[in-house]
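Let's take a walk through this protein together. Have the fold in front of you, and turn it as we go.

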Amino acid sequence: MSTSNILVLGAGELGTAILHSLSTTLPPTTKITCAVRSSTPSLPPRVTILRTDIASLAPRELTQLFKPYTHIISALGFAAGPGTQVKITKAVLEAGVTWYIPWQFGVDYDIIGRESAQPVWDEQLDVRDLLRGQEGTGWMIISTGMFTSFLFEDWFGVVVGLKDEGEGGKGKGEVKVRALGGWENGVTVTTPGGIGRVVTAVVAAEDLNWNQVVYTAGETITYGKLANLVEGFVGEGRKVEREDWNVETLKKELEADPENVIKRYRVVFAEGKGVSWDEKETFNVKWGIEMQDVRGWIEENLK
């Protein structure tokens, strides 16, 4: 690790969390660089900023950019544009980078398979095929489930109205909790901070087998338990309306609006395949890494 030279791609919410964890955990001899397009993010002083637009670079330019680094960690998500994940992966392999953690921070794409309701995920399987078809670069895929905060974003539609409830969630507005696929259906969630700690542990470990898929979980929670948590948070006397959004209804909504990305996500999570896993089998449990569950997220962010 003392001679490692790490490049993190992107400094959004996840990239920033990864960089903070790396910089506060790894020895000072480890070089840490962050590739960002334009704006200067608030990053630890030890992180070197490299200004470049990864998505617009030609494959040959990208390969040359990656060659000096021992580790590439991609925190550039789907917003970087279609084809970017494959382009980055090919450049990493061509550059002969020793260790690679791709942008696979999400659901279990192997289980979901191709031609799902979310077609952009097919590219994630293309990335896995590329990695499994070579031996020169060690890789680690980290499946994290959904970002915990997404459960509470009105635009996603699961918990609606809670973030606008005022201090302590004690407002008077209506709060709704919707179950994607049923109240016993589950979803695995992890915070960016938790993901950052797992990424750091993977990079720092000296006795870890690479070339595998590992899983994280702040919590694997049913929508029924989520509704109970929300009811407990807003307190007695407040009504939390529960709505069951079944798969059939969500598919009909998607058929009427097939280009709606959020409706695509809702269908996949409602189907319940590859979107949740046993917490006891996760990397964070096996390695003793502290994570934040849903109750903890609520208490930190909504009180």
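Before anything else, one term: two strands count as paired if DSSP finds at least two bridges between them. Keep in mind, too, that this is a predicted model. With that in hand, look at Val159, which stands opposite Val177 in strand 9. Strand 8 and strand 9 (residues 175-180) pair in the antiparallel sense, over two bridges.

Now zoom out a little. Those strands belong to an open sheet of three strands, ordered 8-9-13, with mixed pairing. At its edges sit strand 8 (159-160) and strand 13 (240-245), each pairing on one side only. Helix 7 (residues 223-234) packs on this sheet and touches strand 8, strand 9 and strand 13. The direction of helix 7 makes about 170° with that of strand 9.

While you're in strand 9, find Arg178. Is Arg178 buried or exposed? Anything under 20% relative accessible area counts as buried, and Arg178 is buried because its value is 13%. So who keeps Arg178 company? Leaving aside neighbours within four places in sequence, Arg178 is in contact with Gly157, Val158, Val160, Trp183, Tyr223, Glu243 and Trp245. With Glu243, the side chains make a polar contact of 3.0 Å.

Next, the nonpolar interior. The largest nonpolar core has 40 residues, and Phe152, Leu226 and Phe269 have the most contacts inside it. Which element gives the largest share of this core? That's helix 7, with seven residues. Other elements giving two or more residues include strand 9, strand 13, helix 8 (247-256) and helix 9 (261-271). Take Phe152 as an example: its contacts beyond four places in sequence include Val159, Leu226, Val230, Val294, Trp297 and Ile298. There's also a second, separate core of 33 residues, with Leu26, Ala75, Trp103 and Ile289 among them.

Some of those Phe152 contacts lead us to helix 11 (294-301). In helix 11, Val294, Gly296, Trp297 and Ile298 are buried. Strand 10 (186-190) is part of what covers them, as are strand 12 (219-222) and helix 7. At the start of helix 11, a side-chain oxygen of Asp293 reaches to within 3.4 Å of the backbone nitrogen of Arg295.

Now for another sheet. This one is open too, with seven strands in the order 3-2-1-4-5-6-11 and parallel pairing. Strand 3 and strand 11 (212-215) are the edge strands, each pairing on one side only. From one strand to the next, the twist averages 20°. Inside the sheet, strand 1 and strand 4 run parallel and are joined by four bridges; Val8, for instance, has Ile73 in strand 4 as its bridge partner.

Helices lie against this sheet as well. Helix 1 (residues 13-25) lies across strand 1, strand 2 (31-36), strand 3 and strand 4, at about 160° to strand 1. Helix 5 (residues 122-132) packs on the sheet too, touching strand 5 (99-101), strand 6 (138-143) and strand 11.

Our last stop is helix 2 (residues 59-66), where the buried residues are Leu62, Thr63, Leu65 and Phe66. They cover an arc of only 160° around the axis, which puts them on the same side of helix 2. An α-helix has 3.6 residues a turn, so residues three or four places apart point the same way. What covers these buried residues includes strand 1 (5-9), strand 3 (47-51), strand 4 (71-74) and helix 3 (84-95).

How values were computed:
Residues numbered from 1 in each chain as written. Predicted model: local features only at pLDDT ≥ 70, side-chain atom pairs only at ≥ 80, totals over all residues. Heavy atoms only, no water. Buried < 20%, exposed > 50% of the residue type's maximum accessible area, 1.4 Å probe, protein only. Arc of directions from axis to C-beta. Contact = heavy atoms within 4.5 Å. Axes fitted to C-alpha atoms, helices over the stretch in contact; angles between N-to-C directions. Polar contact = N/O pair within 3.5 Å; in protein donor to acceptor, adjacent residues only side chain to side chain. Core = buried A, V, L, I, M, F, W, Y, C linked by side-chain atoms within 4.5 Å.
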